[in-house]
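I opened the notebook to record how the parts of this structure fit together. The entries follow the order in which I looked things up.

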Number of protein chains: 2
Amino acid sequence: MRIVYTDNNATTRVLPEVLEEMLPYFSDQYGNPSSMHSFGGNVGKKIDEAREKTASIINADASEIVFTSCGTESDNAAIMAALELNPDKKHIVTSSVEHPAVRNLCRFLEEKKGYRVTFVPVDSKGNLDMDMLHTSMSRDTAVISLMWANNETGVIFPVEEVSRKAREKGILFHTDAVQAAGKIPMDVKNNPGIDMLSLSGHKIHAPKGVAALYVKKGIKFPPFMKGGHQEKGRRGGTENTTSIIGLGRACELALGHLQDMDTRIRGLRDRLQSELLSMIPASSVNGDIDRRLPNTLSIGFNAIEGESILLLMDQAGICASSGSACTSGSLDPSHVLMAMKVPFESAHGTIRFSLSTDTSSEDIDYIIEKMPPIVQRLRDMSPFWKK
Amino acid sequence: MRIVYTDNNATTRVLPEVLEEMLPYFSDQYGNPSSMHSFGGNVGKKIDEAREKTASIINADASEIVFTSCGTESDNAAIMAALELNPDKKHIVTSSVEHPAVRNLCRFLEEKKGYRVTFVPVDSKGNLDMDMLHTSMSRDTAVISLMWANNETGVIFPVEEVSRKAREKGILFHTDAVQAAGKIPMDVKNNPGIDMLSLSGHKIHAPKGVAALYVKKGIKFPPFMKGGHQEKGRRGGTENTTSIIGLGRACELALGHLQDMDTRIRGLRDRLQSELLSMIPASSVNGDIDRRLPNTLSIGFNAIEGESILLLMDQAGICASSGSACTSGSLDPSHVLMAMKVPFESAHGTIRFSLSTDTSSEDIDYIIEKMPPIVQRLRDMSPFWKK
């Protein structure tokens, strides 16, 4: 059966070029980079190369990259480091639409560790309440953690502006850039207010289980994972060599694909959006269409259930998501759509299509052909649908 | 050049059968197991299979296995969970020869978080001071963390006995079994005093960057990595699918290789030991030769430096270690040898050979041929060597 994969904000295909780069390091050059023998040392050199390439995707220095195991670890490590560095400050600023890796850690810190957390709200388009954000910053604020782009709607936050403000006030600023990477350009040298930034491999065609945290030069980063001397004492644990090597190659490729993402993929997404909106009545886009990642379309179909839509899409070979894959398992609308106060009837019927540079024009044709009858079929059965 | 790899306590070769099992999940079946579509769901089923296989290496139930990113994470997660579960207890018991993943976390908790830590000493053979261990357990003890086998010397701790005692006293017991796995049989069902147990993939021919933590049924494990609902809420972060699948296969193979480890590999190690001891004067074995992993030989050559020996061995294509790979980078004898009070002159000249079921009789012949002239050459140059 034909599979059309438009769930790239959940995870991506490992590119053949990435896998090819990794393969020699499983069973041939498998040494431990910490070892004294050259069999291990050679692997260390390859990791240095991967660090350079990973740094380049955000215009950082190689020394500012700490490899981790996943975006969640990068986010947890960044926030915990900021708190450790500011033992007397007990306030955290974040948004109401963050990924669970930030959201659930902040809730834990609030409920169990005596921190005060401001979850800055968003408007109906998913844009931050900037007034509230500014007034929430105080002398007691240890860290501001804001995602660069939202995983569900693709809405882009004004990270450059907020990080500048944070810097003026001497507040550490972290951004979860897991969804922005490979989709829009990012430059930490031009944004010195960004102190820490999370990246994840499997959203940019590297394998699952590898990620990175940018830590700006000069920050005395206390390790989240306490153990050996790896990553210059910033992360204990034997290096995940093959995947780190894959991540480096994937970052290199992603940089090269940014133009394609901004033009061809944006065009495909826009065509998908306008066709679905015009062919399917009572449908609407979630999130600010003028401040969005080029690959993401979150679209609500009134009066039907996202899970049922996905089921029929699955039968047609189309992979997508009804919310964040990380929070699936619940039938409530996602916390992101709830924070945006998306009307109940369209939030429940929301589907997220997320493209990648793998996506072809034929894939989009196929989805445009299949979606209207799927929605119609469910609406025909729905007690909430009135013609 | 011929490479003889005897540094398997540092890391191991990924077995071809393991890589073969992983390969389809990089670029073909690359879905996110959390996704609603069957493309992702099928990967979830494969992870369930890997969980069964991983559990079998310690005779646990699949539901008791939490996948993590490395042994260090498993150790950190176990100890932090124990403290979280016992917020009023401020004492930790561990040994003086633990891996940095336990040792450095405990030091951090002691220096920064107000915990009292007892580092139970060992004798000159590396065996635990059992009297001190027993008297150190108190009502204030939140957790006992003891390695099952030492990475440097291979000395096996009486984990069954200590965990029984801990259970009688109602103290949570964790064991870092990273080095024991695949080398000696382990059974958690027969040892209900073991509450948590760390395993690591890359020590048993799975890739680096994947590991597991056994958490006994009934323990309300608070996640170390706070994020999504993955691993039944016990570890946030998208599953490292390919490596988890590899870990499952590696555990299955390791179980099948236990007999070979106990007979053939033990025989090779014993032959290496007796030949080196008889051919090289002023050499001695570190650790209790009667309570040791079958694959490990830590041997000290008086009056010369481990790093120089490694250098000449490297030129001969022999990979080994002068201490734990995790702590290399320093010229001091390792904390393990220091805790055992190994005399300075042999501690400095200590080499660890660690075999795996990959090791052949010819490999051992080659080492036996090469080592005596290497040691002799260095001794000829050494001001500390008197004939």
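The notes below go from the domains of one chain to the pairing of the two chains, and then to salt bridges.

**Entry 1: the model**

I noted at the outset that this is a predicted model.

**Entry 2: domains of chain A**

I looked up how chain A is divided. Domain 1 takes residues 4-12 + 258-367, and domain 2 takes residues 16-256. I then checked the C-alpha centres of domain 1 and domain 2 of chain A, which lie 26 Å apart.

**Entry 3: where the domains of chain A meet**

I looked up the contact between the two domains: 31 residues of domain 1 of chain A touch 37 residues of domain 2 of chain A. The area buried between domain 1 and domain 2 of chain A comes to about 2,800 Å², and carbon and sulfur atoms give 54% of that area. On the domain 1 side, I found that A:Leu258, A:Arg291 and A:Leu293 lose the most area to domain 2, together 25% of what that side buries.

How many salt bridges are counted between domain 1 and domain 2 of chain A? I found 0 salt bridges there. For polar contacts, I noted 18 residue pairs across the interface of domain 1 and domain 2 of chain A, both residues at pLDDT 80 or more.

I also asked which elements supply the domain 1 side. Those that give two or more residues to it are α9 (241-279), β10 (296-301) and α11 (335-339) of chain A. The largest share, 4 residues, comes from α11(A). Sorted by class, this side of domain 1 of chain A holds 10 nonpolar, 16 polar and 5 charged residues.

**Entry 4: how chain B relates to chain A**

I looked up the superposition of the chains. Chain B falls on chain A after a rotation of 180° with 0.0 Å of shift along the axis, at an RMSD of 0.0 Å. I wrote this down as the relation of a two-fold axis. In chain B, the C-alpha nearest the axis belongs to B:Ser69, 3.0 Å from it.

**Entry 5: the interface between the chains**

I counted what each chain brings to the contact: 61 residues from chain B and 61 residues from chain A. Of the interface residues of chain B, 100% are also interface residues in chain A, so the copies meet through the same surface.

The area buried between chain B and chain A is about 5,200 Å², with 60% given by carbon and sulfur atoms. In chain B, I found that B:Tyr30, B:Lys208 and B:Lys226 lose the most area to chain A, together 14% of what that side buries.

I noted 22 residue pairs in polar contact between chain B and chain A, both residues at pLDDT 80 or more. Several helices give two or more residues to the chain B side, among them α1 (16-22), α3 (38-56) and α10 (306-315) of chain B. The largest share of that side, 5 residues, comes from α5(B). By class, the side of chain B that touches chain A has 24 nonpolar, 26 polar and 11 charged residues.

**Entry 6: salt bridges**

Between chain B and chain A I found 2 salt bridges. In one salt bridge, the side chains of A:Lys113 and B:Glu84 meet at 3.8 Å, N to O.

I then searched the whole structure and found 42 salt bridges over all chains. Within chain A, the side chains of A:Glu21 and A:Lys46 meet in a salt bridge of 3.1 Å, N to O. I placed A:Glu21 in helix α1 of chain A and A:Lys46 in helix α3 of chain A, so this pair ties together parts that are 25 residues apart in sequence.

Conventions
Residues are numbered from 1 along each chain as its sequence is written. Chains are lettered from A and ligands numbered from 1 in the order in which they are written. This is a predicted model: local features need pLDDT of at least 70, side-chain atom pairs count only at pLDDT 80 or more; totals for chains, interfaces and linings use all residues. Side-chain values use heavy atoms; hydrogens and water are left out. Domain bounds come from an automatic or database domain assignment. Contact means heavy atoms within 4.5 Å. Buried area is the accessible area (1.4 Å probe) that two parts lose on being put together, summed over both. A salt bridge is a side-chain nitrogen of Lys or Arg within 4 Å of a carboxyl oxygen of Asp or Glu. A polar contact is a pair of N or O atoms within 3.5 Å; within protein, one must be able to donate a hydrogen and the other to accept it, and residues adjacent in sequence count only if both atoms are side-chain atoms. Ala, Val, Leu, Ile, Met, Phe, Trp, Tyr, Cys and Pro count as nonpolar, Asp, Glu, Lys and Arg as charged, and the others, Gly among them, as polar. Copies are superposed by least squares on the C-alpha atoms of residues with pLDDT of at least 70 in both.
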